Amino acid sequence: MANTNVAFGLKPINTAGSAPATSGVNAYPIGATASAMYQGSAVKCDNGGSIGIGSASGDTVAFVGVFQGCEYVSATTGKKTFSNYWPGSGSANTSFPITGYVYDNPLQRFIVATDATFTDEATAKAAIFENSQFDTGAGGSTTTGISSAKMDVATLDSSNASLPLKIVGILDDVDNEDFAAAGIPMIVMINNHALLQADSEAAIS
């Protein structure tokens, strides 16, 4: 039976070291002209001091974490708006702060759905501790506010740590255990986390 998973970006599950829950979010500024960011999107810090969306694949990008939501004063209504996604340039009254919230713990673990089949369970298990890119990692839905990012199975690599995702396990989920179909819930961490870089501003520009 095909898996029920659809694209949802990166969903926090727990942190390395058996912590039972997510480690929470921290606030980062969003530039008024920043492109749209969706809940579950991996985001980087720009040299201008704000967060932004990375490339679609995420290859070589040092991400600071995963976008959870934002708050800003609407340019249309003049009211403070709380949203699970940032709509992009022109959305906010720039006389007020635009704040994004990010799961930024380098030890945070996330679930991400695969974009394609592993063929069988043995192949999926063999992918643990390998690295991978995103498939369409920068997009999302303006209706739900949720990221459309998935893990790109075709880019699995055992040695290239410049790829954004490190696979650390497979979620036990009875509704998504058809290894011959897309949508397997893989547990991943962010490779080359920006907050672990010796010179983070140079690394994430």
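Lys80 is exposed, with a relative accessibility of 54%. I begin with this residue, in what is a predicted model, and with its partner. Lys80 forms a salt bridge with Glu71, and the closest N and O atoms of the pair are 3.4 Å apart. Glu71, by contrast, is buried, because its relative accessible area is 15% and the cut-off for burial is under 20%. The bridge between Glu71 and Lys80 therefore joins a buried residue to an exposed one. Side chains of opposite charge can pair when their charged atoms come close.

How many salt bridges does a search of the whole structure find? The search finds two. Besides the bridge of Glu71 with Lys80, there is one in which the side chains of Lys125 and Glu121 meet, at 3.4 Å from N to O. Both Lys125 and Glu121 belong to helix H1, which covers residues 121-126. They are four residues apart, about one turn of that helix. Lys125 is partly exposed, at 48% relative accessibility, and Glu121 is partly exposed as well, at 39%.

I turn now to a histidine. His193 sits in the loop that runs between strand E14 (185-190) and helix H2 (200-203). Is this residue buried or exposed? His193 counts as buried, because its relative accessibility is 2% and burial requires a value under 20%.

Which backbone atoms does the side chain of His193 approach? One is the backbone oxygen of Val64, which the side chain reaches at 3.1 Å. Another is the backbone oxygen of Asp104, which lies 3.3 Å from a polar atom of the His193 side chain. Val64 and Asp104 also appear among the contacts of His193 once neighbours within four places in sequence are left aside. On that basis, His193 is in contact with Phe63, Val64 and Gly65, and also with Asp104, Asn105 and Pro106.

The last residue on my list is Ala7. Ala7 lies in the segment that precedes strand E1 (11-15). With a relative accessible area of 23%, Ala7 is partly exposed. What does Ala7 touch, if residues up to four places away in sequence are not counted? Its contacts are Ile146, Ser147, Ser148, Ala149 and Lys150. As for Pro97, Ala7 is 90 residues from it in sequence, and the two C-alpha atoms are 30 Å apart in space.

To close, I return to the two salt bridges: Glu71 with Lys80, and Lys125 with Glu121 within helix H1.

Terms used:
Residues are numbered from 1 along each chain as its sequence is written. This is a predicted model: local features need pLDDT of at least 70, side-chain atom pairs count only at pLDDT 80 or more; totals for chains, interfaces and linings use all residues. Side-chain values use heavy atoms; hydrogens and water are left out. Helices (H or I, at least four residues) and strands (E, at least two) are DSSP runs, numbered from the N terminus. Buried means under 20% relative accessible area, exposed over 50%, partly exposed in between (1.4 Å probe, protein chains only). A polar contact is a pair of N or O atoms within 3.5 Å; within protein, one must be able to donate a hydrogen and the other to accept it, and residues adjacent in sequence count only if both atoms are side-chain atoms. Contact means heavy atoms within 4.5 Å. A salt bridge is a side-chain nitrogen of Lys or Arg within 4 Å of a carboxyl oxygen of Asp or Glu.
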